[in-house]
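Hi everyone, thanks for coming. I'd like to walk you through one model today, helix by helix and then ring by ring. Have a look at it first, and then we'll start.

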Amino acid sequence: GILPLIQSHFSINDSTTTLSKTCSSIASTVSLSLMLIYGQRFEKRSLLLLSSSLYGICNGISLLSGPKQYWLFVSTRTIASFSTSAFSVLLPVVFADFSSDRYLGRVLMANAFVTLIGSMLSTSLSSFIVISSLPWQSTLLIGPSL
């Protein structure tokens with residue numbers, strides 16, 4: 001995967017690289033918990049827009065992290081992971097606001113299908129980018145976009 005490229009860019013070892021994944025996992029868990037507890041108190045479409053905007057901003061900042069800015073990379077990727085989890089919870093809820101009955105089922109099935117195809121394409125493209133001469137940031141830009 002991309003981890004060796006990240007390690008060489010930031011000059012870090014395996015245990016330090018694992019910190020990024022651990023922080024992202026914790027952020028996702030906290031995000032899902034907060035959505036469960038406080039999700040009803042906010043307008044869903046605004047939260048959806050906020051989470052997608054926050055993801056885009058933090059993802060962009062993390063891609064611009066220089067070789068000496070690993071903590072900036074970790075913190076922005078953690079916030080991006082937090083907002084991605086919120087987005088994944090909010091999207092079906094917003095679909096339910098606009099759809100009903102059988103149409104809602106079709107919309108949710110289409111969403112699941114598109115998510116699956118995007119995940120498969122993301123993995124394939126990420127593997128291609130890792131073995132090509134493209135910069136390591138390309139994988140982090142293209143993969144999540146799918």
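Let's begin with helix 5, which has 31 residues and reaches 46 Å from its first C-alpha to its last, close to the 45 Å expected at 1.5 Å a residue. The expected span here is 1.5 Å times one less than the number of residues. As for the numbering, helices (H or I, at least four residues) and strands (E, at least two) are DSSP runs, counted from the N terminus.

Two words on the ground rules. This is a predicted model, in which local features need pLDDT of at least 70 and side-chain atom pairs count only at pLDDT 80 or more, while totals for chains, interfaces and linings use all residues. Residues are numbered from 1 along each chain as its sequence is written, and side-chain values use heavy atoms, with hydrogens and water left out.

Back to helix 5. Its buried residues are L104, V107, G118, S122, S126 and I129. By buried I mean under 20% relative accessible area, with exposed over 50% and partly exposed in between (1.4 Å probe, protein chains only). D101 also sits in helix 5, which covers residues 101–131. D101 is exposed, with a relative accessible area of 69%, and its phi is positive, near 50 degrees, though it is a residue other than glycine. As background, most residues other than glycine have a negative phi.

There is another residue of that kind: S11, not a glycine, has a positive phi of about 55 degrees. S11 is found in the loop between helix 1 and helix 2, and at 67% relative accessibility it counts as exposed.

Now helix 1, just before that loop. Which residues of helix 1 are buried? They are I6, Q7, H9 and F10. These residues cover an arc of only 165 degrees around the axis, which puts them on the same side of helix 1. The arc is that of the directions from the helix axis to the C-beta atoms.

On to helix 2, residues 14–38. Its 25 residues should span 36 Å at 1.5 Å a residue, and the end C-alpha atoms are indeed 36 Å apart. T17, S20, S24, A27, S28, S31 and M35 are the buried residues of helix 2. And what do they pack against? Helix 1, helix 3 (44–63) and helix 4, with contact meaning heavy atoms within 4.5 Å.

Next, the rings. Rings of Phe, Tyr and Trp (its six-membered ring) pair if their centres lie within 6.5 Å; planes under 30 degrees apart count as stacked, over 60 as edge-to-face and the rest as tilted. By this rule there are six aromatic pairs. In one of them, F10 and F73 have ring centres 5.1 Å apart and planes at 40 degrees, so the pair is tilted. F10 lies in helix 1 (residues 3–10) and F73 in helix 4 (residues 70–98), so this pair ties together parts that are 63 residues apart in sequence. F10 and F73 are both buried. Another pair is Y70 with W71: their ring centres are 5.9 Å apart and their planes at 65 degrees, so this one is edge-to-face. Buried or exposed, for Y70? Y70 is buried, at 6% relative accessibility, whereas W71 is exposed at 58%. F10, Y70, W71, F73 and W136 form one aromatic cluster.

What about cysteines? A disulfide is a covalent bond between the sulfur atoms of two cysteines; the cut-off used here is a pair of cysteine sulfur atoms within 2.5 Å. How many disulfides does the structure hold? Zero. The sulfur of C23 is 14 Å from the closest cysteine sulfur, in C58, which is too far for a bond. C23 is partly exposed, with a relative accessible area of 23%, while C58 is buried at 6%.

Finally, the record. In an unreviewed entry, UniProt lists residues 46–64, 70–95 and 107–131 as "transmembrane region". Positions are given in the numbering used here, feature names are shortened, and annotations may be inferred rather than shown by experiment. In the model, residues 70–95 are 100% helix and 0% strand, with end C-alpha atoms 37 Å apart. Residues 107–131 are likewise 100% helix and 0% strand, and their end C-alpha atoms are 36 Å apart.

One last spot to click on is G56, in helix 3. G56 is partly exposed, with a relative accessible area of 40%. The C-alpha atoms of G56 and S83 are separated by 9.4 Å, with their positions 27 residues apart along the chain.
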